Amino acid sequence: MPEKFQTPRGFKDILPLEHNFFTLIKKVARHRFRQAGFLRISTSMLENLEVFARGIGADTDIVSKEMFYFESRSGKKMVLKPEGTAGVIRAFIEHGMQSWAQPVQLYYFEPHFRYERPQKGRFRQFWQCCAEVLGARDPLVDAQIIILAWKIIKDLKIADSVSLQINSLGSPADRAKFIDELHNFFEPRSRALCDDCRSRLQKNPLRILDCKNEDCQILVKTAPKLSNFLNDDSRKFYEQVLQFLTDLKVPFVENENLVRGLDYYCDTVFEFQTNSDGAQNAICGGGRYDGLCEILGGPATPAVGFAFGVERVIEEMKKKNISPPEKDFTQIFVACLGDVAQSECLKILSDLQDLGIHVRGAFGKSSMKSQLKTADRLGAQFCLILGDVEIREKNVILRNMENGEQENIPLDEVQKVIAEKFPPQKRDFYNLEI
Ligand code: HAM
């Protein structure tokens, strides 16, 4: 027997039922993005390693351990994108978006790849739904982007188990001073830190602050506070963001230990977290990244954005028994026997599809009994039955699959009869205005 294959570890197929969630989330988010004037972008799946090494920071977990990295045939260092922001900035620079109306507001719904240890809520391929505003430094923009994420959360009906955690990281200079102080504080106490934090102490002491280990948490309580290092401009900026959120009644919790895992952030950082236990409770993370464009060789372009983890949002919806609408149902099944009937079947299928009916036909050469069984399995409301005799008499049998009642209808009245059974609101139309 030839070997059978499975999806690689940390990867999964998205089957039709799961796609109903993806479609709903994409639709909800897209409406909100469009209302706020965002335009869709898709950046390339593969990027130059340097886009992320420089953009996210060489010492971050994402860059140091989690990138799907390979060398191209010509020896170029390439990665599957582990996140979207650095790629969007690369595209902003490459396509000269600084000449567009500012700020440029973009959204995307894309898969990303991180070589993490797979566990609940953590995959090697995962989808993000993101927004980025490029070209404005204004607390109003930060508030608008947070409100946008909050509206999506409310539309998806998961708001009551989600809390917005917010913090300010200040300027890069503030952060550098704070990191020095943190280092000085934790160095003599490093024996009390967990293994991960002992290595973070050397590479990225900020991440000790959001470690979930109890011993580390105890130490963090007495560690220096980032708020004492903020410059006046950052402090004022942060207070204004909080004021705007308060004015629009967006509930938030200030969390001094929220630092985020990517180095490009400055000033506002935020996460929407679910109240479930465990490390993977962030369903959305974001913040301001004013310096990233220059780091990647572009013009000074202050920016802010967020990313939802789509699988984590779905998990939360499932926990609350929220199901997306099922739109992939079969309304009519066309069963047929005989060669002439088969060619008539194709015409009926095509005509009914143009009417906006979800209709499927019996393809292949199975018996009438097994065709009706298929119609039943598909949950079809009606079955149109065509045999060579019916076709000769220019008739079709219409069978109601719920009660088994059957009627004969003239072949040339099929569309009219079906249209009466399915008024326009029960049909599937889309507006193809080009
Ligand atoms: P991030 O916090 O790395 O931020 O990811 C955002 C969200 O993606 C997380 O809150 C989580 O829901 C989801 N996520 C991350 N890693 C995984 C994984 N391995 N499996 C499943 N879900 C995951 C960013 O990526 C930034 N680019 C966000 C941003 C946009 N900041 C500014 N603009």
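This passage describes the ligand site, two helix pairs and two backbone features of a predicted model.

The ligand is surrounded by 26 residues. The closest are Glu83, Glu116, Glu132, Tyr265 and Ala282. By class, the shell around the ligand holds 11 nonpolar residues, 8 polar residues and 7 charged residues.

Side chains of the protein approach the ligand through N or O atoms. In the side chain of Thr85, such an atom is 2.8 Å from a nitrogen atom of the ligand. The side chain of Tyr264 also places an N or O atom by a ligand nitrogen, at 3.0 Å. For Gln128, the partner is an oxygen atom of the ligand, and the distance to the side-chain N or O atom is 3.0 Å. Each of these pairs counts as a polar contact, because the cut-off is 3.5 Å. Taken alone, the ligand exposes 650 Å². The protein buries 96% of that area.

Three elements give two or more residues to the shell around the ligand. They are β6 (125-134), β10 (282-288) and β11 (303-309). Strand β10 gives the most, with 6 residues.

Away from the ligand description, two helix pairs can be set out. The first pair joins helix α5, residues 139-155, and helix α9, residues 232-247. Their axes lie 8 Å apart. The packing angle is about 45 degrees. The two helices, α5 and α9, are therefore oblique to each other. An angle counts as oblique because it falls outside the ranges for roughly parallel (under 35 degrees), roughly perpendicular (65 to 115) and roughly antiparallel (over 145). The crossing of α5 past α9 is right-handed.

The second pair consists of helix α12, residues 339-354, and helix α15, residues 414-421. Here the axes are 11 Å apart, and the helices pack at an angle of about 40 degrees. That angle makes α12 oblique to α15. Helix α12 passes α15 in a right-handed crossing.

Two backbone features complete the description. The first is a cis peptide bond, which runs from Gln102 to Pro103. Its omega is near -10 degrees. Pro103 sits in the loop between α4 (85-94) and β5 (104-113). The second feature is at Asp267, where phi is near 50 degrees. This is a positive value in a residue other than glycine. Asp267 belongs to strand β9, which covers residues 266-274.

Key: Residues numbered from 1 in each chain as written. Predicted model: local features only at pLDDT ≥ 70, side-chain atom pairs only at ≥ 80, totals over all residues. Heavy atoms only, no water. Near = heavy atom within 4 Å. Polar contact = N/O pair within 3.5 Å; in protein donor to acceptor, adjacent residues only side chain to side chain. Areas by Shrake-Rupley, 256 points an atom, 1.4 Å probe, with all protein chains shown as cover. Helix = DSSP H or I, 4+ residues; strand = E, 2+ residues; numbered from the N terminus. Nonpolar A, V, L, I, M, F, W, Y, C, P; charged D, E, K, R; others polar. Axes fitted to C-alpha atoms, helices over the stretch in contact; angles between N-to-C directions. Left-handed = near helix turned anticlockwise from the far one by under 90°.
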